[in-house]
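Thanks, everyone, for making time this morning. I would like to walk through one model, beginning with the overall fold and then turning to one helix and two individual residues.

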Amino acid sequence: MQVILANPRGFCAGVVRAIEIVERALQRYGAPVYVRHEIVHNRHVVDTLRGKGAVFVEDLDEVPEGAMTVFSAHGVARTVEEEAKRRNLPVFDATCPLVTKVHLQGRRYAKAGRTLVMIGHEGHAEVIGTRGQVDVHVHLVSTEEDVAALDLPLDTPLAYITQTTLSVDDTRGVIAALGDRFSDLIGPDVSEICYATQNRQSAVRDLCKVADLILVVGSENSSNSSRLRDLGADEGLPSYLVADGSAIDPAWFDGIERVGLTAGASAPDELVDSVIDALRKLGPVDVSQLAGVDESIQFGLPRELRDVPTPTQAAVISA
Ligand code: SF4
């Protein structure tokens, strides 16, 4: 069996930064560090950090007075920030800077008097956070049908913002539907929303040209991972989202010669390795990698954590 790896795949700069914030906070201040919501949507990452002393909560009520707190990469509503301030909780905000950029866009459009439409999925942590970062009502749409159902005068000055991990193609379709229906619409170009989402989706599209089946490593609740699986399915290939190698079903590979393998932005490399190991148990495997975009983006850490060595660096220093 040939296994062809997509490029790029796996961790993006926002996920690396969020995980480093929790690890460095644990290193500097000791356990426990409370994290509001899963730091990133990956069960393995969350369990690993939990093993190091992170405590994951959904509500700040669960954080004891004065305890070190981290907001997840998905961002939070202003009410959450205010609640943390009111309770004097020391907070590190691991919101991805690209999500913060969407918050700022939303505020700017609202200040200019535009009615806001967010393209995203109801109930997703990022959508809840972004809608809670602007002081006006934000209409939520996910599909072109939702656009048709928007109960607004057709000449309303509108602006759209988007969840960062959507299907780039579907988002283009929803924006086009908004533009067809409403006469005064502004918003960012889809290519400006998130480099990592765009690059991983383009890489899967390339993978679909050379593979018979697509495997995406990621958790079920990871929006960007699910979109990668959907993309494979849309291209007509059997496509599966797997948490790790243990989720592989040998029956999927009957008659399959070329497996395309990728990972969502929140899935670590070791889980990709565990999938390759599981495939090796089915027979000889030849692993190669497609050429792809080189990603060099890095996001800065909070000032207080910059000089804290990561666990790997600390181990080297103490050795
Ligand atoms: Fe940030 Fe994009 Fe990664 Fe989400 S997928 S954390 S927006 S870089």
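Let me start with the secondary structure, where we find 11 helices and 13 strands in the protein. Please keep in mind throughout that this is a predicted model, and that every value I quote is computed from it.

On overall dimensions, the C-alpha atoms fill a box of roughly 60 × 55 × 30 Å along the principal axes. The radius of gyration is 21 Å, and because a compact globule of 319 residues would have a value near 20 Å, the model agrees with that expectation. Of those 319 residues, 52% count as buried, and the protein exposes about 14500 Å², of which carbon and sulfur atoms supply 49%. If we take the contacts between residues at least 6 apart in sequence, 74% of them join residues at least 24 apart. As for charge, there are 30 positive and 46 negative charges, and their mean positions are 6 Å apart.

Now to the helix I mentioned, which is H8, covering residues 195-208. At 1.5 Å a residue, its 14 residues should span 20 Å, and the C-alpha atoms at its ends are indeed 20 Å apart, so the expected and modelled lengths agree. How many of the residues of H8 are buried? The count is 10 of 14, so that H8 is mostly covered. Among the buried ones are Tyr 195, Asn 199, Arg 200 and Gln 201, together with Ala 203, Val 204, Leu 207 and Cys 208.

Turning to single residues, Ser 274 sits in helix H10, residues 269-280. Its relative accessibility is 24%, and it therefore counts as partly exposed, given that buried means under 20% and exposed means over 50%. Leaving aside neighbours within four places in sequence, Ser 274 is in contact with Asp 244 and Gly 245. Ser 274 and Val 217, which are 57 residues apart in sequence, have their C-alpha atoms 9.9 Å apart in space.

My second residue is Asp 307, which belongs to the loop between strand E13 (286-289) and helix H11 (311-318). Is Asp 307 buried or exposed? With a relative accessible area of 56%, Asp 307 is exposed. Asp 307 and Val 210 are 97 residues apart in sequence, and from C-alpha to C-alpha they are 44 Å apart in space.

That is where I will stop, and I am happy to go back to any of these views.

How values were computed:
Residues are numbered from 1 along each chain as its sequence is written. This is a predicted model: local features need pLDDT of at least 70, side-chain atom pairs count only at pLDDT 80 or more; totals for chains, interfaces and linings use all residues. Side-chain values use heavy atoms; hydrogens and water are left out. Helices (H or I, at least four residues) and strands (E, at least two) are DSSP runs, numbered from the N terminus. The radius of gyration is taken over C-alpha atoms; the globule rule is 2.2 Å times the number of residues to the power 0.38. Buried means under 20% relative accessible area, exposed over 50%, partly exposed in between (1.4 Å probe, protein chains only). Contact means heavy atoms within 4.5 Å. Accessible areas come from the Shrake-Rupley method with a 1.4 Å probe; for residues, only the protein chains shown count as cover. Lys and Arg count as positive and Asp and Glu as negative; His and the chain ends are not counted. The place of a charge is taken as NZ of Lys, CZ of Arg, CG of Asp or CD of Glu. The expected span of a helix is 1.5 Å times one less than its number of residues.
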